[in-house]
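Here are my notes for someone opening this structure for the first time. Have a look at the model, then read the points in order.

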Amino acid sequence: MTDTSRRLVLARRPEGMVDDTVVRVDQVPVPVPGEGEAVVRVRYLSIDPTIRTWMDDAPGYLPPIELGAVIRSGGIGEVVASNSEHYAEGDTVFGMLGWQDHAVVGGPDAMAQVVPGEVDPTAALSVFGTTGMTAYFGLLDVGKPEEGDTVVVSGAAGATGSVVGQIAKAKGAGRVVGIAGSDEKCAWLVDELGFDGAVNYKTEDVAARLRELCPDGIDVYFDNVGGEILDTCLGQLAMKARVVCCGAISAYNDRGAAYGLTNYFTLITKRARMEGFLILDYLDRFGEAQGEMLGWVLDGKVKHAVHVVDGLEHATDALNLLFTGGNTGKVIVKLED
Ligand code: NAP
C-alpha cells in the first residue's frame with residue numbers, strides 16, 4: 001500500500017460543463033481508520049448526471065458539495081484496514097465513497113454496505129445498482145405500464161433508459177420506443193435490445209417520427225432529459241397517460257434557463273398524470289427488484305452496457321460523457337490497481 005492517496009475536490013463551482021479548473025487533485029496521506037471505522041481502497045466509481053447538480057450551490061435533495069470537499073459519488077472498493085466490527089479486511093463494499101483513492105467508512109456520515117465479492121462490480125453499479133433500480137421503480141411504480149401500452153423513453157441508450165425499455169418489454173408493453181442522440185445508439189436499441197423503434201433527436205423531426213411510431217399516442221413517457229423532448233412527448237400523450245419525471249439532464253448545466261413547456265395542457269385534456277420520484281425513497285425495496293432483475297438478466301431479457309473510463313484522474317471526462325452523449329450504457333471509472 002502506498003502512503004499517499006489522491007482526492008478530487010471541488011475547487012470552484014462550474015458554469016456550464018465541468019472543466020479542469022472545477023476539480024483539483026489533492027495528495028493526502030492514506031487515511032488511518034479511527035475507532036469504529038474502516039478504510040476502503042476505491043476500485044470503481046459510479047458516474048451519474050446528478051453529480052453535476054451537486055456541484056451547484058443550489059437547493060436539492062442532498063446538500064451541495066462544499067468547496068474543497070471530495071466530489072460525492074457512489075463507488076465500490078475493498079476494505080484495506082478496519083477498526084470496525086461491521087467491515088473486515090478484504091470485504092467488498094458499496095457506498096458513497098467519493099472521487100478518491102481511499103475512503104473512510106463507518107463514521108457517522110459514511111454509509112457503506114458489504115456486497116458479495118463474487119458480484120461483477122460493473123453490474124453491481126449498473127443494472128443491480130441505483131441505475132437499474134431507478135429504471136425498475138420509476139417505470140413500474142410510477143409509470144405503471146399495462147399490457148399492450150406504448151412506452152417511450154428518452155436518454156434511451158443511457159444507463160437508465162436502456163434498462164427502462166427492456167423492462168417495459170419484459171412486462172408486456174405493446175410498443176417501446178427510445179429517443180437517443182445518434183444512429184448507432186438507435187440501431188443498438190432496436191437490433192440488440194429489442195426496442196420496437198428509435199428516434200435520433202439530433203437529426204430527425206422527433207414529433208413527426210413519434211406520430212409514426214406511436215399512432216395511438218404515448219401511454220407511458222419515461223423522461224430522463226426534460227426540455228424540448230419532454231414537451232414534444234407531452235403533446236402526444238394518450239388518454240390517462242403517465243409521465244415519469246426521472247431526470248432533466250438537458251437542464252443540469254444551466255438550471256437557470258428552464259424550458260417553457262407549451263404542451264402542458266395535454267395533461268388536462270388527456271387526464272394524464274406527471275410525477276417525479278427519487279430512487280432514495282426505494283432503498284428498502286431494492287431486494288425485491290434485484291431478484292426480478294437477476295431473472296431477466298439470466299434470461300437475456302435485460303442486457304446492460306457499461307462504458308468504462310480508466311483512471312481516477314479522468315473522472316471529470318467521464319462525467320462530461322453524460323452531457324455530450326459519448327456514452328452507451330453506464331459510465332464507470334475504474335481506478336488503477
Ligand atoms: P445516462 O442516460 O447514461 O447518460 C445521460 C444521457 O443523456 C447521455 O448519454 C445523452 O445521450 C443524454 N443527454 C445528454 N444531454 C442531453 C440533452 N441536452 N438532451 C437530450 N439527451 C441528452 O445517465 P443516467 O445515469 O442513466 O441518468 C439518466 C437520467 O436519470 C438523468 O437525468 C439522471 O439525473 C436521472 N436519474 C434520476 C434518478 C432519480 O432518482 N430520479 C436516479 C438516477 C438517475 P444522447 O446521446 O441520447 O444525447
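1. A salt bridge here is a side-chain nitrogen of Lys or Arg within 4 Å of a carboxyl oxygen of Asp or Glu. Keep in mind that this is a predicted model, where local features need pLDDT of at least 70, side-chain atom pairs count only at pLDDT 80 or more, and totals for chains, interfaces and linings use all residues. Residues are numbered from 1 along each chain as its sequence is written, and side-chain values use heavy atoms, with hydrogens and water left out.

2. Start with Lys169 and Asp196, whose side chains meet in a salt bridge at 2.9 Å, N to O. Lys169 is in helix H4 and Asp196 in the loop between helix H5 (183-191) and strand E10 (197-200), so this pair ties together parts 27 residues apart in sequence. Helices (H or I, at least four residues) and strands (E, at least two) are DSSP runs, numbered from the N terminus. Lys169 is partly exposed at 30% relative accessibility, and Asp196 is partly exposed at 39%. On this scale, buried means under 20% relative accessible area, exposed over 50%, and partly exposed in between (1.4 Å probe, protein chains only).

3. Next, Glu292 pairs with Lys171 in a salt bridge, with the closest N and O atoms 3.0 Å apart. Glu292 sits in helix H9 (residues 286-299) and Lys171 in the loop between H4 and strand E9 (175-180), so the pair ties together parts 121 residues apart in sequence.

4. How many salt bridges does the structure hold? The count is 17. One of the pairs is Glu313 with Arg6, at 3.3 Å between the closest N and O atoms. Glu313 is in the loop between strand E14 (306-310) and helix H10 (315-324), while Arg6 is in strand E1 (residues 4-10), 307 residues apart. Arg6 is buried, at 18% relative accessible area, whereas Glu313 is partly exposed at 42%. Both belong to a salt-bridge network with Arg41, Asp101 and Glu336.

5. Don't skip Asp337, in the segment after strand E15 (330-334). Asp337 counts as exposed, at 80% relative accessibility. Its C-alpha atom is 9.7 Å from that of Gly311, which is 26 residues away along the chain.

6. One more residue to find is Tyr264, in the loop between strand E12 (237-245) and helix H8 (266-269). Tyr264 is partly exposed, with a relative accessible area of 46%.
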